Amino acid sequence: MTKGKLIAKSGKVIIDPCARTTNVFDRIRGLLLRPAPVAGAGLLIDPCASIHTFGMSYPIDVVYLDAQYRVLRTIDAIDPWRLSVCRGARMTLELAAGQAEALGFSPALELQWLSD
C-alpha cells in the first residue's frame, strides 16, 4: 500500500492519512482483519466498484469515486455482512462510520490524490 492524502480541489485536506491499495491482495483484503479506521483516515481501494463487509465486526462509510476522483455516491454506516455496488465507480474509499457526512462528502465533490 502507498500512503497519501485526499484533498478537495479548493486545497482543503479531507482525508489524511489515506492508504491506497497497490496490488490485488491489498484490494481483496481491504479492511478485513484490520481495526476500524479512525476519524479522518481512510483506505482508497483502486480499482474497485463494489465492496462487501463479510467478516467485519464494525460498520463503515463507503464513498464511491470515478476515475477523476469525483464522488459518485456515499453509503453511511454499512453494517457487517453486506454488499454494495456503484455503477461507474473506479475507486472506493472506506472510512470510519459517520465520517462521510462529517467530512462533507457529497455527490460531485472533486478530490485529488497526493502521495506522501
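**Exposed and buried sites in a predicted β-rich chain**

Trp-81 counts as exposed, because its relative accessible area is 56% and the cut-off for this class is over 50%. The model is predicted. Trp-81 sits in the loop that links β6 to β7 (83-85). Its backbone is marked by a positive phi, near 70 degrees, in a residue other than glycine. Tyr-69 also has a positive phi, of about 65 degrees, and is not a glycine. Tyr-69 lies in the loop between β5 and β6 (71-78). Its relative accessibility is 17%. The cut-off for burial is under 20%, so Tyr-69 is classed as buried. Most residues other than glycine have a negative phi, and most peptide bonds are trans.

Two peptide bonds ahead of prolines are of note here. The bond from Asp-16 to Pro-17 is cis, with omega near 10 degrees. Pro-17 belongs to strand β2. The bond from Asp-46 to Pro-47 is cis as well, with omega near -5 degrees. Pro-47 is placed in a loop, between β3 (42-45) and β4 (50-52).

The overall fold was examined next. The chain contains 2 helices and 9 strands. Their order along the sequence is β-β-α-β-β-β-β-β-β-α-β. The radius of gyration is 13 Å, close to the 13 Å given by the globule rule for 116 residues, so the chain is as compact as a globular protein of that length. The C-alpha trace spans about 35 × 25 × 25 Å along its principal axes. Contacts across the sequence were also counted. Among those with a separation of 6 or more, 64% join residues 24 or more positions apart.

Burial and surface were then assessed. Of the 116 residues, 45% count as buried. The accessible surface comes to about 6000 Å². Carbon and sulfur atoms supply 56% of this area. The chain carries 13 positive and 11 negative side chains. The centres of these two charge sets are 5 Å apart.

In soluble globular proteins, nonpolar side chains tend to be buried together. In this chain, the largest nonpolar core has 17 residues. The members that touch the most others are Leu-6, Ile-15, Leu-44, Val-63, Leu-93, Phe-105 and Leu-111. At least two core residues come from each of β1 (2-8), β2 (13-20), β5 (60-65), β8 (91-96) and β9 (111-115). Another core, of 15 residues, lies apart from this one. Its members include Leu-31, Leu-43, Ile-60 and Val-62.

Leu-93 was followed in detail. Sequence neighbours within four places were set aside. Its contacts then include Leu-6, Ile-15, Leu-44, Val-63 and Phe-105, residues also named among the best-connected members of the largest core. Leu-93 further contacts Cys-18, Gly-42 and Asp-61. Leu-43 and Val-62 are in contact with Leu-93 too, although both belong to the other core.

Lys-9 offers a view of a loop position. This residue is found between β1 and β2. Its relative accessible area is 49%. Partly exposed residues lie between the 20% and 50% limits, so Lys-9 falls in that class. Lys-9 and Glu-110 are separated by 101 residues in sequence, yet their C-alpha atoms are 5.9 Å apart. Beyond residues up to four places away, Lys-9 touches Glu-110, Leu-111 and Gln-112. Leu-111 is in turn one of the well-connected members of the largest nonpolar core.

Terms used:
Residues numbered from 1 in each chain as written. Predicted model: local features only at pLDDT ≥ 70, side-chain atom pairs only at ≥ 80, totals over all residues. Heavy atoms only, no water. Helix = DSSP H or I, 4+ residues; strand = E, 2+ residues; numbered from the N terminus. Rg over C-alpha atoms; globule rule 2.2 N^0.38 Å. Buried < 20%, exposed > 50% of the residue type's maximum accessible area, 1.4 Å probe, protein only. Contact = heavy atoms within 4.5 Å. Areas by Shrake-Rupley, 256 points an atom, 1.4 Å probe, with all protein chains shown as cover. Lys, Arg positive; Asp, Glu negative; His and termini not counted. Charge placed at Lys NZ, Arg CZ, Asp CG, Glu CD. Core = buried A, V, L, I, M, F, W, Y, C linked by side-chain atoms within 4.5 Å.
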